[in-house]
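Student: I'm new to this structure, so please take me slowly through one part of it. I'd like a close look at the salt bridges and the residues that make them.

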Amino acid sequence: MVDSNVHNVRNICILAHVDHGKTTLADHLIAGTGGGLLHPKMAGKLRFMDFLDEEQRRAITMKSSSIALKFRDCSINLIDSPGHMDFCSEVSTAARLSDGALVLVDAVEGVHIQTHAVLRQAWIEKLTPCLVLNKLDRLISELELTPMEAYTRLLRIVHEVNGIMSGYKSEKYLSDVDSMLASQSGEVGDENLEFVEDDEEDTFQPQKGNVAFVCALDGWGFTINEFSEFYASKFGASSSALRKALWGPRYFDPKSKMIVGKKGIEGLSKARPMFVQFVLEPLWQVYQSAMKPDGGKGLLDKVIKSFNLNVPQRELQNKDPKLVLQSVMSRWLPLSDSVMSMVVRCMPDPMAAQSFRISRLLPKRLLQDEVDSVVVEEAELVRKSVELCDSTPEAPCVAFVSKMFAVPTKLLPRRGPNGESLENYVDEDGSGDSDECFLAFARIFSGVLCSGQKVFVLSALYDPLKGDSVQKHVQEAELQSLYLMMGQGLVPVTSVNAGNVVAIRGLGQHILKSATLSSTRNCWPFASMAFQVAPTLRVAIEPSDPADIGALMKGLRLLNRADPFVGVTVSSRGEHVLAAAGEVHLERCIKDLKERFAKVNIEVSPPLVSYRESIEGDASNPVDNLRTLTSSSDYFEKLTPNGRCVVRVQVTKLPAAVTKVLDESTETLADIIGGKHGQTKVDLPLAQGTGVLLDENPIEAFKKRLMDALEIDISMLSENDKDRAEKYRIKWQKLLKRFWAFGPGQVGPNILFTPDPKIEIDDSSFLIVGSPQVSERLGLLDGCSEDHPPASTSSEIISEELRLEAETLQNSIVSGFQLATSAGPLCDEPMWGLGFVVEAHISPSTEQPDDPESKHQNLEQHGIFPGQVMATVKDACRAVVLQNKPRIVEAMYFCELNTRTEHLGRMYGVLNKRRARVLKEEMQEGSPLFTVQAYVPVSESFGFADDLRRETSGGASALLVLSHWEALPEDPFFVPKTEEEIEEFGDGSSVLHNTARKLIDSVRRRKGLPVEEKVVQHANKQRTRARKV
Ligand SMILES: Nc1nc2c(ncn2[C@@H]2O[C@H](COP(=O)(O)OP(=O)(O)OP(=O)(O)O)[C@@H](O)[C@H]2O)c(=O)[nH]1
Ligand SMILES: [Mg+2]
């Protein structure tokens, strides 16, 4: 069953925006090739790959699943993937195991937000894509376009998709969302619609045969190849010449019987491109005549005759013209034949694919010189055999598991590949829970995998060169059984060759989400998969009956393993927190927990929304922002309780671009700084990196991004004022050498700078100078690490003891900074985008050293003093934020809505209620559909989709993608003071509509923090920009 000839294998996935028809297409491919798995009549109705109850009920695919098909002499492993944003992690898992992608686009709806996302995913994973334009029937019967109009539309979509691809190719690509953020104009995207002439070759070219035009619902489809061959045989022309002519501005001159370009048809009134004349017009005629009351028998008969189709009379006599049409069309242009031929023709076999994908799968490692060469040699050998897709039994065996999935144990095959009974398998879990069995969704990249074989399971952090220190990242496991996946069905096999997709039983205990399997320890783990978003919708859950807590915990453990994208954590307050990608995903997780994994009733809290805390700053005047760091007045000062240390803290708002870089680089930074341990709660890594993993040095890459970010700020300044820009640049050049720590968790978007080396110190105290550790790690010191500022310019000779003490207190300052940045003053949420300078001056203790009592005190103080410094630094950092116009920062979704004109008004109603900011509104050419793009705060997004559906009676749909953090301009402590303000807002005694305050209060309430308490004694009186409008 498993193909041993690698050249005859294709591993492909179907990717698209939600509802563009992936599962319907998969149905036809299965019916056409699956050997009786699915009756052609049921294709498109059954949705074979949506075998979960919840998928059938909601008609949404929720997971990716694979099926092994045979087409002619080829084996095709087809993976259907979900299009809904909530399940986009499943797209990553599907793409990793595939070599080619069928990218579907609904011809009526056009390119949508997830189309961008899946194209990007395919590009990152180095898949070979083919384009499938689906739902052509809707152009005919729903939009009632003429063939020429339909052609223009199809041309536009192909151009648009090519535009997206060429954007990725030239690596200048910034996602639509990102660029819109930068320009704030909302006008981006239009250039994609222009018919730009690209100098590089387009990815998708119908004349090359990698674009299919299909109607999955009615089961027909074609590429230019089918028509060119047909006309070639009919007219005796060359099919390759016809192939080139059947797309683009090529015309048929009836007089000369020649194919001519645009110039050649001047004067011909009825000339239309050959694609319109020879492809679309016949289709339109068949459709239109078939739908006429008389059933258009004449024309259908003509088609049947000229194509020699074998349509049973019974089907032709059906009363429903649609069914008659389907039987004729699906025989004339059978969908699975044309799509599968395209797959075999255009997509690479595993051998070709792996040699192309190797740089993504196993990037070359930069190694130091003094490494163990035996290990390196073998690891290189392993890499080579992955590159060659070596399927000989002697080759090292390497596989990648892209996810684990749960199958009810009763659905597992009871017999092995040779018919032997498998009843006696003990569940590897050992927990006695045999209801669910965990299988690994995997692809073999080298060698042959056999059931019963022992392999090493390598986690992403494994490093073969590190020997014993990485033991926890490698385990040995025995593969119990191997299965070929047939949708829900599993066919046991004894061995599987390189280049195939397989399900593996026996790894449930060893793998949580994904892993590399290898027959040798001397192998690098595969590069991690790229996920489009992080699970961000968090709720706290608890059993309805406290006695069920054990069952719930077990259920959560199982769910965590079964779902590649769910996050399960315990919050600092002891709640069990479940993180999902969105509402639909969350609903399914809760249902799975209740009915499958925990089997107890559970209570679900309202969503826990994350916020950030920051200060106002002035984006238009970054120089002034920095001034707060240098001016000697703008600080907050606090004394430790023992009176020996004065802590002075200054704060500044970091440039937005810098904050963004820090926010997006948490993982890289964790690697570089090695601060992984402290960082447990990076719960919202927004807009996960725009870049692709390349084989480059992470430190250099990070440094470059940081510098680029600063350059943005500087270049904005230099437009108006060159001098100031230069000053700003010099200031930052100095600051870059003063990075002491990032926070919270050592990798967050806040920076602790070491104190200014030039500050004046009065004689009696000693400044804790800190050390620019982070600058050093990042290589920002340019070799001047030695000459960081002298400890003190104090004229007095400072006792060695005091110096030592100052050194030990450095850690306390960093810890204080970490604590403060992890919980800000407004509502204990992490700080965001702030730079702190902490100056701590310690003075010698005043007690006489020979007084025995004070000596005792001194000793005691040694233990307490660092704690006091830490607490004081923390308090001072929080207080200085309050002093500098604190602002609450919320996460924003980028939201794309589609609706018909008549629902537009109501849709705006829903958007307004939820503080949405509309970016762009666009009528889709040639259809009554509107596309609206907007930002919606995450806190307002719950129930948004439902609300929208209800208000518009299902006429509008929305998709949300996490986009960025945004500070609310509103002052949470705004109290009207001037006469004018009191007149406008009242005297503050009545409750104001202060959104920022409301958000803060709700978080404080949830956390059990005092709410009524005046957090600020002397609020900065100020009017915000928001209120001015
Ligand atoms: N008119 C028309 N409708 C189609 C066509 N193909 C699919 N549909 C319909 O589009 C809807 C969505 O189809 P699915 O195949 O479930 O879409 P999907 O892409 O798998 O959706 P998700 O997996 O949830 O992302 C169904 O109602 C189909 O009947 C087509 O060619 N023409
Ligand atoms: Mg589907």
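Tutor: Okay, the term comes first: a salt bridge is a side-chain nitrogen of Lys or Arg within 4 Å of a carboxyl oxygen of Asp or Glu. Using that, we get a network in which Arg96, Asp99, Glu125, Arg357, Arg360 and Arg443 are linked by salt bridges. Keep in mind that you're looking at a predicted model, where local features need pLDDT of at least 70 and side-chain atom pairs pLDDT 80 or more, while totals use all residues. Residues count from 1 along each chain, chains are lettered from A and ligands numbered from 1 as written, and side-chain values use heavy atoms, without hydrogens or water.

How many salt bridges does a search of the whole structure find? The total comes to 44, so let's pick out three pairs and go through them.

Start with Asp50 and Arg47, whose side chains meet in a salt bridge with N and O 2.5 Å apart. Is Asp50 buried or exposed? Asp50 is buried, and its relative accessible area is just 1% (buried is under 20%, exposed over 50%, partly exposed in between, with a 1.4 Å probe and protein chains only). Its partner Arg47 is buried too, at 15%.

Now move along to Asp947 and Lys913. Their closest N and O atoms are 3.5 Å apart, and the two form a salt bridge. Asp947 sits in helix α29 (residues 944-951) and Lys913 in helix α28 (residues 904-913), so this pair ties together parts that lie 34 residues apart in sequence. (Helices, H or I with at least four residues, and strands, E with at least two, are DSSP runs numbered from the N terminus.) The two ends of this bridge fall into separate classes: Asp947 is buried, with a relative accessible area of 7%, whereas Lys913 counts as exposed at 54%.

For the third pair, look at Arg917 and Glu966, which form a salt bridge with their closest N and O atoms 2.6 Å apart. Which strands hold these two residues? Arg917 belongs to strand β32 (residues 917-923) and Glu966 to strand β34 (residues 956-967), so here the bridge joins parts that are 49 residues apart in sequence. As for cover, Arg917 counts as partly exposed, since its relative accessibility is 30%.

Put the pairs side by side: Asp947 with Lys913 links two helices, and Arg917 with Glu966 links two strands. In the pair of Asp50 and Arg47, both residues are buried.
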